[in-house]
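Me: I'd like a close look at one part of this chain. Pick a good one, then work outward to what surrounds it.

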Amino acid sequence: MKDPFDFTPQSPRFSVIGNPIEHSLSPQIHQLFARQANISLEYSTTLGEPGGFKQAVEHFKASGGKGMNVTLPFKTQAFQLCDKTSDRAKLAQSVNTLSFDNDLVVGETTDGQGLVQDLQNNHGFTIKGSRVLIIGAGGAVRGVLQTLLEAAPKQLTICNRTQGVAMELAHLYADIGPITAQTINHSYDRPFDLVINGTSASLHNELPQVDDSIIGNNTLAYDMMYASKPSIFMKWALDQNAKAAVDGFGMLVEQAAASFNIWHGVKVQTQPVVAALRQGV
Ligand code: NDP
């Protein structure tokens, strides 16, 4: 039990909740940001049990926690327990950042910002005016569509193994920017400037059933998944002569930087953190 006469100032406490969670890099990322910003904080992992998500968040909040990141499979449940969220989170029905503001739980989604910052700042890709294909229509894709459309691509095409879900998302986001749904194996007259694999297929060493015509020698192929080795999708894209193929590790660090900014009001440098952690991934 805490000593009632211990008046040592406590570092603010944060945590990331998910299942599984033990391999999360968020504690390391946030500590590297904290060192850069000269801030002292605690950042732990919390294993969310199926059916126990809300209770785990409330327990962390009641014990003095200041905020939580939320990862698979709880982003939609996190949205549902918020007292206040941004319009972006409402459209995506997903949050990855919770801030505990007195009694209120305030939610935001920073995955889209993570993806767009990584593409534009770390990979030098200009979204404005480009033709983009996004494959997949699960939680990760939902979380990035608005920010991607706000970066003003000429056209964003979405396709998914289960086509109806891609059509629903295209309809939902139609007011934000030029988005259309297409069948996953559609053959195109010319390749895209950017192809984003937002499916979980690479996790199972599988390729989505897309047509070779999506890739040309000026295409940047982006796999949201990250691992120590190039994914099957990245290798396939390079075999089709893509200009480059990159993974989503930078997105992970960038979405964390956006959460850090929400909690601490500090914009951190992400590239040194990506470089420092690359070896350990
Ligand atoms: P979901 O489970 O919510 O969605 C999975 C998606 O993948 C669905 O669209 C599903 O299609 C599709 N899919 C799965 N297997 C295949 C296959 N064999 N062929 C074609 N399509 C397939 O997962 P998430 O959206 O949460 O995650 C997707 C990926 O994004 C993961 O690899 C995850 O690691 C990564 N991610 C990376 C982040 C980062 O910061 N870099 C952040 C969040 C996620 P269907 O609808 O037909 O089932």
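Reply: Take strand E11, residues 220-223. The model is predicted, so treat it as such. E11 is covered on both faces. Leu 220 and Tyr 222 are buried on one side. Ala 221 and Asp 223 are buried on the other.

What lies beside E11 in its sheet? The sheet is open and has 6 strands, in the order E9-E8-E7-E10-E11-E12. Its pairing is parallel. E11 therefore has a neighbour on each side, E10 and E12. The edges belong to strand E9 (179-182) and E12, and each of these pairs on one side only. On average, neighbouring strands here are turned by 20° against each other, with direction ignored.

Start with the E10 side. E10 and E11 run parallel and are joined by 4 bridges. Leu 194 has Leu 220 as its bridge partner in E11.

Now the E12 side. E11 and strand E12 (residues 244-247) are also parallel, and 4 bridges join them. Leu 220 stands opposite Ala 244 in E12. The route between these two strands runs through helix H8 (residues 232-239). This β-α-β crossover from E11 to E12 is right-handed. Further along, Asp 223 stands opposite Asp 247 in E12.

A helix on the same sheet deserves a stop. H7 packs on the sheet and touches E8 and E9. Its direction makes about 170° with that of E9. Within H7, the residues Ala 166, Leu 169 and Ala 170 are buried. Why do these belong to one side? They cover an arc of only 100° around the axis, and that puts them on the same side of H7. The general rule is that an α-helix has 3.6 residues a turn, so residues three or four places apart point the same way. On the other side of H7, Glu 168 and His 171 are exposed. The buried residues of H7 pack against H6, E8 and E9.

Back to Tyr 222, one of the buried residues of E11. Tyr 222 also sits in the largest nonpolar core, which has 29 residues. Tyr 222 is among the members that touch the most others. Leu 115, Ile 134, Leu 145, Leu 148, Ile 158 and Ile 196 are in that group too. E11 is one of the elements that supply at least two residues each. The others are helix H5 (111-122), strand E7 (131-135), helix H6 (139-150), strand E8 (155-159), helix H7 (163-172) and strand E10 (194-197). H6 gives the most, with 5 residues. As a general point, nonpolar side chains in soluble globular proteins tend to be buried together.

Leu 115 brings us straight back to E11. Leaving out residues up to four places away in sequence, Leu 115 touches Tyr 222. It also touches Val 144, Leu 148, Ile 196, Met 224 and Met 251. Apart from this largest core lies another, of 20 residues. Its members include Phe 14, Leu 25, Leu 252 and Val 273.

That leads to the rest of the chain, where there is a further open sheet. It has 6 strands, ordered E2-E1-E3-E5-E6-E4, and its pairing is mixed. Strand E2 (42-47) and strand E4 (84-85) are at the edges with a single partner strand each, so one side of each has no neighbour in the sheet. E4 pairs with strand E6 (residues 104-108) over 2 bridges, in the parallel sense. Thr 85 stands opposite Gly 107 in E6.

Two helices pack here. Helix H2 (residues 53-62) touches strand E1 (13-18), E2, strand E3 (67-70), strand E5 (97-101) and E6. The direction of H2 makes about 175° with that of E1. Helix H9 (residues 249-264) lies across E1, E2, E3, E5 and E6. H9 runs at about 5° to E5.

Finish with E1. Of its 6 residues, 5 are buried. E1 runs parallel to E2, with 6 bridges between them. Ser 15 has Ser 44 as its bridge partner in E2. The chain passes from E1 to E2 through helix H1 (residues 26-37), and this β-α-β crossover is right-handed. E1 also runs parallel to E3, joined by 4 bridges. Ser 15 stands opposite Met 68 there.

Definitions and conventions
Residues are numbered from 1 along each chain as its sequence is written. This is a predicted model: local features need pLDDT of at least 70, side-chain atom pairs count only at pLDDT 80 or more; totals for chains, interfaces and linings use all residues. Side-chain values use heavy atoms; hydrogens and water are left out. A nonpolar core is a set of buried Ala, Val, Leu, Ile, Met, Phe, Trp, Tyr and Cys residues joined through side-chain atoms within 4.5 Å. Buried means under 20% relative accessible area, exposed over 50%, partly exposed in between (1.4 Å probe, protein chains only). Contact means heavy atoms within 4.5 Å. Two strands pair if DSSP finds at least two bridges between them. A crossover is right-handed if, with the strands pointing away from the viewer, the path from the first strand over the helix to the second runs clockwise. Axes are lines fitted to C-alpha atoms, for helices over the stretch in contact, and angles run from 0 to 180 degrees between N-to-C directions. The arc is that of the directions from the helix axis to the C-beta atoms.
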